Amino acid sequence: MTAPDRLAPGDPAPDFTLPTDTGETLALAALRGRRVILYAYPAAMTPGCTKQACDFRDSLASLQAAGYEVVGISPDKPAKLAKFRERDAITFPLVADVDKAVLTAYGAFGEKQLYGRTVTGVIRSTFVIDPDGKVEHAFYNVKATGHVAKLRRDLGLA
């Protein structure tokens, strides 16, 4: 397997309709007209992913006040996402991409370095999607800790 194709600013954001942590479905098209922060993380309820989700949760009000919706995406099943939401009081949608098709379309699944080894998995990434469904920013290989603060600075919201 080779490195995945990456999205760049101006690219159309791949559309999706996926099951959520609440048992409903979420379609990216339903969020048109709003800016969306879609962040990809490897696994619910792991230390880094929990830290990142809680950082987004704690910044959600100010991100929404600036016109952004936040959506988390991982290959976890909806039932695990529901436990994650309940355990950590996550207040934004978590979508399940169990077959990893959407993660792959975003370039957020493929080969990555983990502890000096090449492995295949979710590449921690964040995408900012404009109201027309185009990618404004694509950040790959982001750190779980401190990423939301850096994202806020990059978006001029710090």
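1. Start with the α1/α2 pair in this predicted model. The axes of α1 and α2 (residues 78–88) come within 11 Å of each other and cross at roughly 60°. That puts the two helices oblique to each other, because the angle falls outside the ranges for roughly parallel, roughly antiparallel and roughly perpendicular. The crossing of α1 past α2 is right-handed. On the α1 side, the contact is made by Cys-49, Thr-50, Ala-53, Cys-54 and Arg-57, and on the α2 side by Phe-84, Arg-87 and Asp-88. Sorted by type, the residues of this contact come out as four nonpolar, one polar and three charged.

2. Helix α1 (residues 47–65) also has α4 (residues 147–154) as a partner, with axes that come within 9 Å and cross at roughly 35°. Here α1 brings Gln-52, Asp-55, Phe-56, Ser-59, Ser-62 and Leu-63, while α4 answers with His-147, Val-148, Leu-151 and Arg-152. The split for this contact is four nonpolar, four polar and two charged. If you want to look at both contacts together, the general recipe applies: two packed helices are described by the angle between their axes and the distance between the axes.

3. Stepping back to the whole chain, there are four helices and nine strands. Along the sequence they run β-β-β-α-β-α-β-α-β-β-β-β-α. The radius of gyration is 14 Å, close to the 15 Å that the globule rule gives for 158 residues, so the chain is as compact as a globular protein of that length. If you like a box instead, the C-alpha atoms fill one of roughly 40 × 35 × 30 Å along the principal axes.

4. What about the interior and the contacts? Buried residues account for 49% of the 158 in the chain. Take the contacts between residues at least 6 apart in sequence: 63% of these join residues at least 24 apart.

5. Ser-74 is one to click on. This serine sits in strand β4 (residues 68–74). Its relative accessible area is 0%, and buried means under 20%, so Ser-74 counts as buried. Ignoring neighbours within four places in sequence, Ser-74 is in contact with Tyr-41, Pro-42, Leu-81, Val-95, Ala-96, Asp-97 and Leu-103.

6. Ala-30 lies in the loop between β2 (25–27) and β3 (35–40). With a relative accessible area of 53%, Ala-30 is exposed, because the cut-off for that is over 50%. Ala-30 and Phe-16 are 14 residues apart in sequence, and their C-alpha atoms are 9.9 Å apart in space.

7. Two backbone spots deserve a look on the phi plot. Most residues other than glycine have a negative phi. Ala-89, however, has a phi near 50°, a positive value in a residue other than glycine. Ala-89 belongs to the loop between α2 and β5 (94–96), and at 43% relative accessibility it counts as partly exposed.

8. The second spot is Asn-141, which is not a glycine either but has a positive phi of about 55°. Where is Asn-141 found? It is in the loop between β9 (135–140) and α4. The relative accessible area of Asn-141 is 46%, so this residue is partly exposed.

Key. Residues numbered from 1 in each chain as written. Predicted model: local features only at pLDDT ≥ 70, side-chain atom pairs only at ≥ 80, totals over all residues. Heavy atoms only, no water. Axes fitted to C-alpha atoms, helices over the stretch in contact; angles between N-to-C directions. Contact = heavy atoms within 4.5 Å. Nonpolar A, V, L, I, M, F, W, Y, C, P; charged D, E, K, R; others polar. Buried < 20%, exposed > 50% of the residue type's maximum accessible area, 1.4 Å probe, protein only. Parallel < 35°, antiparallel > 145°, perpendicular 65-115°, else oblique. Left-handed = near helix turned anticlockwise from the far one by under 90°. Rg over C-alpha atoms; globule rule 2.2 N^0.38 Å.
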